[in-house]
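Trainee: Please choose a single part of this model and take me through it closely, from its immediate neighbours outward. I would like the cut-off behind each term as you go.

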Amino acid sequence: MSTVFVHVGQCGNQVGEHLWKCIAKDGTAKQSHSFTSHDGWHRAVHIDSEPKVVKKLPKILKIREKNVITGKRGRGTNWAFGYHGLKAAGEDHLLENSVESIRKEVEKCDFYSGIVLSHSLSGGTGSGFGSRLCEALKDEYPMNYLMSVTFAPCASGESPLQHYNSLLCLATLQRLVDGVVLIRNDDVLNRLQKRLPEGQVSFAYINKVIAQTLCGLFLPTDTLATSRDVSLGLEPWELLRATCPMPSTKFLHTTHLAKSKLSWEGLVTQSLRTVHRFDVNEKPFSSLAGVLVARGDSTGSFPLALKRGLDQKIKSAWNFVPWNPFPLDVWTAFLNPLGPKEAASVTMATNSSCVTEYLHHVCERSKVMMDAGAYLHWYERYGSSKEDFQEALNVLESCQADYSSAVKLS
């Protein structure tokens, strides 16, 4: 079962570079051909509206040069510009070229399962073009999986337009994709600042940690392999089936920790400390379902640790809803290609109602700007209207209501 990875925009491609370096270290991934074709090339397409980030990738990664798609100019950190593209002479045909390149990569798959689309919420290419590409891919492959790995900007502000861009992009993802792995830069930054000395947290290191987290979820595991230890590449799509029981609630939060000289209890305990358990009013969040992946279990000790009460500790921290009889899915792998040598790793993904806090923040900040008429003309210039913003608000408010209803079910 083959997965095609599509990286869009500066952020999506910077993380993608570290992702593929990490995948290249896993021998099982190479043998399964879920991530690489039979001739050794990565099943990846890299897209950006300008070439400065992606032009170097074919020189450092095993990527087909035809799978690196660039435009003629950036999208100005504007969702509308990214979505509607260039209207005047000089159209760069970015969408058509991207869809064609993805189609050719899909046709090289023995058994095509779906696409993992990596992009940001704040950039014009990542949010706007990423949204338009989602629509095109859903039309082209309506029966296959489509997963988004999306990177949320820092709350302190990366751009005055980031709330608008996030609003419009999140609404598109809620309508079209099967699952969203939402990675918030603030969360990653806070975790790293607590673990590392001051000055050691760089953007490159953050991207590397994010890539390791994604590899922790997507790389082959022994749990999902056949009886002859052959990986079928099920991990990305089994993640969706396990954590997204209802199509209206599809946002996943992740955490990852790799260390040596730590027991499984120690690894899990440290990971659970990062779980966002309560809102500002000290009301507990609930999780609909979750997946835990333990890598480096060479002695088969992790299932024993679960039986000794570790599973109850996990379920208590995530506060699973009572109506899901099997909320926790656990996968293990003998080897661990992530982190320091001879280290074990724990990667967690949970579908938690804590996403409503972030969605509410995006909606409220966007409403304040809309009421003031701030920057709306920048979007109208490229074909978006105030009705587009109102429709996006309705979609995200409906998503918040769906999470509230799911949590209240008994």
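Mentor: Met 147 stands opposite Gly 179 in S6, and that strand, at residues 179-184, is the part to follow. The model is a predicted one, in which local features need pLDDT of at least 70 and side-chain atom pairs count only at pLDDT 80 or more, while totals for chains, interfaces and linings use all residues. Numbering starts from 1 along each chain as its sequence is written, and side-chain values rest on heavy atoms, without hydrogens or water.

On one flank, S5 and S6 pair in the parallel sense over six bridges, where pairing requires at least two DSSP bridges and a strand is a DSSP run of E of at least two residues. On the other flank, S6 is joined to S7 (residues 251-259), again in the parallel sense but over two bridges, and here Val 181 has Leu 252 as its bridge partner in S7. Taken as a whole, the sheet is open and has ten strands with mixed pairing, in the order S3-S2-S1-S4-S5-S6-S7-S10-S8-S9. Its edges are S3 (68-70) and S9 (328-333), each of which has a single partner strand, so one side of each is left without a neighbour in the sheet.

As for exposure, six of the six residues of S6 are buried, that is, under 20% relative accessible area with a 1.4 Å probe and protein chains only. Gly 179, Val 181 and Ile 183 point one way from the strand, whereas Val 180, Leu 182 and Arg 184 point the other way, and all are buried.

Two helices also lie across S6. Helix H8 (residues 185-195) lies across S5 (145-152), S6 and S7 and runs at about 45° to S6, and helix H10 (residues 235-243) lies across a longer list of strands, including S5, S6 and S7, running at about 85° to S5.

One further helix pair completes the picture. Helix H7 (residues 162-176) packs with helix H15 (residues 386-408) at an angle of about 60°, their axes being 9 Å apart. H7 and H15 are therefore oblique to each other, the class left once angles under 35 degrees, over 145 and from 65 to 115 are set aside. In their contact (heavy atoms within 4.5 Å), the H7 side includes Tyr 164, Leu 167, Leu 168 and Gln 174, and the H15 side includes Asp 388, Phe 389, Leu 396 and Cys 399.

Conventions. Helices (H or I, at least four residues) and strands (E, at least two) are DSSP runs, numbered from the N terminus. Axes are lines fitted to C-alpha atoms, for helices over the stretch in contact, and angles run from 0 to 180 degrees between N-to-C directions. Buried means under 20% relative accessible area, exposed over 50%, partly exposed in between (1.4 Å probe, protein chains only).
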